[in-house]
Amino acid sequence: MGKFGKGVVRFRILILLLGILLLVPSLAGYVNTRINYDILSYLPEDIETMKGQDILLEEFGTGAFSVAAVEGMDNKEVAALKQKIEKISHVKSVLWYDSLVDISVPMELLPEDIEKAFENKEKNTTLMIVMMDTSMSADETLQAIEEIRELTDQQCFLSGMSSVVADIKKICNSEAIMYVVIASALSAVVLALTMDSFLIPVFFLLSIGMAIVYNLGTNFIAGEISFITQALAAVLQLAVTMDYSIFLWHSYQENQGRFPGDKNRAMAHAISNTVASVVGSSITTVAGFLAMCFMTFTLGLDLGIVMAKGVVLGVTGCVTILPALILTFDRAIEKTRHRAILPDTGRIGEFVTKKYVIFLALFLVILGPALYGYTHNRVYYDLVGTLPDHLESVMANNKLEENFNMGATHVIIADSGLDAKQARSMLRELEEVKGVKLVLGLDSVLGPAFPKEMAPDRIKEALDNGNRQIMFVASEYKTASDEVNRQCDIIKEIIKRYDTSAMLIGEAPCTQDLITITDKDFKTVSTVSIILIFIIIAVVLKSISLPFILVSVIEFAIFINMGIPAYTGTVLPFIASIVIGTIQLGATVDYAILMTHKYKKARYWGADKQQAISSALNGSIQSVFVSALSFFAATFGVGLYSSIDMISSLCVLLSRGAIISFVVVAFILPAMFMMFDRVICRTSAGFIDKEKNINIKSAVSRHVTEH
């Protein structure tokens with residue numbers, strides 16, 4: 001690595017020019033990467049709900065639908081609005097009262113349940129079902145949603161997943177840039193105060209910022225990324241890779257002491273030392289992110305690859321672009337030198353090593369409640385319920401609930417060849433299911449007295465293609481609730497009895513699959529990540545015992561962080577456990593490996609266990625503290641700002657996790673080293689007491705000479 005460090009120092013101007021040139025294609029890739037705002041689209045393609053979505057699009061030409069609540073309009077005005085909506089590009093059809101009978105026919109002549117479903121006379125509100133010919137989260141669908149909203153002035157409220165996706169897109173587009181601004185600004189303030197130069201944080205942010213642009217630009221290869229990945233990638237890459245820059249700077253300062261007056265040589269050694277110290281920790285972080293790729297819910301693959309790529313690019317930038325910036329602007333950095341505002345940590349090593357029994361006792365006392373809280377968290381899967389109330393999709397859902405007592409809307413796809421008797425029997429059973437408000441299909445619209453052939457063409461085209469038929473099921477229950485999940489199970493059981501090929505699709509059934517799949521996925525990812533990190537730590541540190549100790553300490557920090565919401569009554573987003581676990585694991589292992597390397601080095605050169613552990617803690621705590629504080633500032637600010645609860649909750653958890661990780665590494669890890677020092681030395685390579693070996697060899701040599 002010495003040659004690599006010298007090469008970076010020698011070609012620093014060329015590196016900066018190349019780095020700037022690479023920003024051009026990266027920015028082009030970033031601009032042309034599509035963002036997917038639909039979480040449900042990441043469900044496996046081979047499950048029934050996703051196959052059903054494909055059938056709906058391919059055979060019926062309907063990829064998405066929305067239930068619209070129209071207020072304060074008479075029938076003629078609603079009919080005129082319906083015609084305008086049908087003229088919008090990619091709106092396939094609109095089902096309303098006049099789709100069944102002529103508008104001149106009184107609505108009272110329709111079946112009572114159909115009449116109540118379409119109209120609430122007391123609230124002067126009527127319902128329409130808007131069907132699109134493109135998929136739920138397609139750009140064309142989202143554009144159609146916006147155009148429909150523009151037709152009326154707060155009189156037409158569109159519910160449904162497409163409407164939710166449109167609102168999420170709007171929020172992300174307005175907030176995403178601010179996430180980066182807030183994270184960068186707060187991180188820069190922390191670094192400016194806690195480091196010895198006001199200017200050095202600017203170069204940290206420049207090098208990391210360039211790596212972020214490279215990362216986001218190369219996402220173009222995948223075609224699209226999720227809005228969660230897009231929103232969090234820059235903030236997380238900044239937070240996770242900042243400590244590499246801090247380690248490089250501190251190593252550079254140490255080497256300036258070794259090579260006074262020769263900054264080029266000092267930087268070359270700093271690069272070499274940084275590569276040696278961060279490779280192990282960065283590999284474990286990358287492994288943690290890649291473990292997410294084992295999820296069948298492919299949002300994990302999306303986020304895992306982007307973040308793993310971001311760490312690799314962050315490390316690369318840290319040992320190439322950052323040193324080039326520091327050496328190029330050395331004079332400016334020197335002019336902004338100041339005394340770092342940091343607490344005196346000179347005696348903390350001695351304190352912790354002397355009182356290590358107390359910290360071990362705290363570890364044992366806290367472990368039980370932390371583990372209990374970790375395993376008893378409540379999570380949510382319903383995006384709509386956590387979005388701001390002023391959003392149109394949320395307002396639409398509230399209107400449906402208040403005026404029609406409607407929650408989720410399901411779609412049944414069944415064989416069109418069911419005879420009339422079977423169809424009516426199935427309809428009766430479905431209507432009797434608890435919480436089912438209405439079943440709207442061709443048979444329910446026509447009634448038993450009329451054959452399907454007599455149905456209006458527009459209704460037949462929308463509900464029956466001659467091969468399959470679709471039915472809309474209006475539920476009183478909200479998506480992701482226990483009640484709607486039980487209802488979906490009962491409906492599936494009923495329709496399968498009449499038609500084994502029948503399918504139940506829609507937001508609620510998809511969310512039910514999401515709950516089942518992600519529960520299994522998270523257990524898999526947690527196991528895989530721990531195994532991978534265990535193996536990497538064993539190889540990097542050449543130890544059998546250290547992986548057990550480090551993984552235990554890391555998981556302890558995660559248990560505390562994820563356990564707190566169980567005691568505060570906070571409901572977490574469903575992806576929190578895997579995202580927080582992976583990222584906090586990556587941050588904590590960086591801190592732990594840094595301290596372990598220093599402990600190992602001190603032990604190797606003959607220090608006793610207390611001296612070695614004390615000096616390791618004193619030598620690493622400043623870097624760890626600054627890194628953790630920077631991580632906290634970057635994520636906490638975004639958590640407070642974001643109006644999307646899923647992003648806000650994740651960032652708040654990450655900020656708290658950074659502080660918990662620092663405390664655990666500063667107090668619990670050294671206590672573990674004190675407790676298991678003898679075991680560590682016997683089961684690890686490189687912990688040889690060199691001074692004692694020299695003394696033994698000298699004694700043996702004298703003995704041979706005398707005899």
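These notes follow my look at the pockets, the cavities and one helix pair of a predicted model.

**Ground rules.** I number residues from 1 along each chain as its sequence is written, and I leave out hydrogens and water, since side-chain values use heavy atoms. Local features in this predicted model need pLDDT of at least 70 and side-chain atom pairs count only at pLDDT 80 or more, while totals for chains, interfaces and linings use all residues.

**The open space.** I looked up the largest pocket (on a 1 Å grid over the protein atoms alone, an open set of points with protein on both sides within 12 Å along at least five of seven lines) and noted a volume of about 810 Å³, a volume being the space filled by probe spheres set on the points, which are joined across faces, edges and corners. There are 25 lining residues (those with an atom within 4 Å of a point), and S251, E254, N273, K598 and K601 are the closest to the centre. I then asked which elements give two or more residues to this lining, and found α10 (227-258), α11 (263-291), α24 (576-604) and α25 (609-641), with helices being DSSP runs of H or I of at least four residues and strands runs of E of at least two, numbered from the N terminus. The largest share, 8 residues, belongs to α10. By class I recorded 6 nonpolar, 14 polar and 5 charged residues, where Ala, Val, Leu, Ile, Met, Phe, Trp, Tyr, Cys and Pro are nonpolar, Asp, Glu, Lys and Arg charged, and the others, Gly among them, polar.

**The enclosed spaces.** I next turned to cavities (sets of points where a 1.4 Å probe fits but cannot get out), and the count is 4 of 30 Å³ or more. The largest cavity has a volume of about 130 Å³, and of its 11 lining residues L127, I129, M406, L438 and A474 lie nearest the centre. At least two lining residues come from each of α6 (112-118), β5 (125-132), β10 (436-440) and β11 (468-475), and I recorded 10 nonpolar, 1 polar and no charged residues there. The second largest cavity holds about 80 Å³; its lining includes I39, Y381, D382 and F574, and helix α22 (residues 507-541) gives the largest share, 3 residues.

**A helix pair.** Finally I returned to α25, which packs against helix α26 (residues 645-683) at about 175 degrees with the axes 8 Å apart; axes are lines fitted to C-alpha atoms over the stretch in contact, and angles run from 0 to 180 degrees between N-to-C directions. The two helices are therefore roughly antiparallel, the term for angles over 145 degrees. Their contact divides into 20 nonpolar, 5 polar and 2 charged residues.

Methods
Angles under 35 degrees count as roughly parallel, over 145 as roughly antiparallel, 65 to 115 as roughly perpendicular and the rest as oblique.
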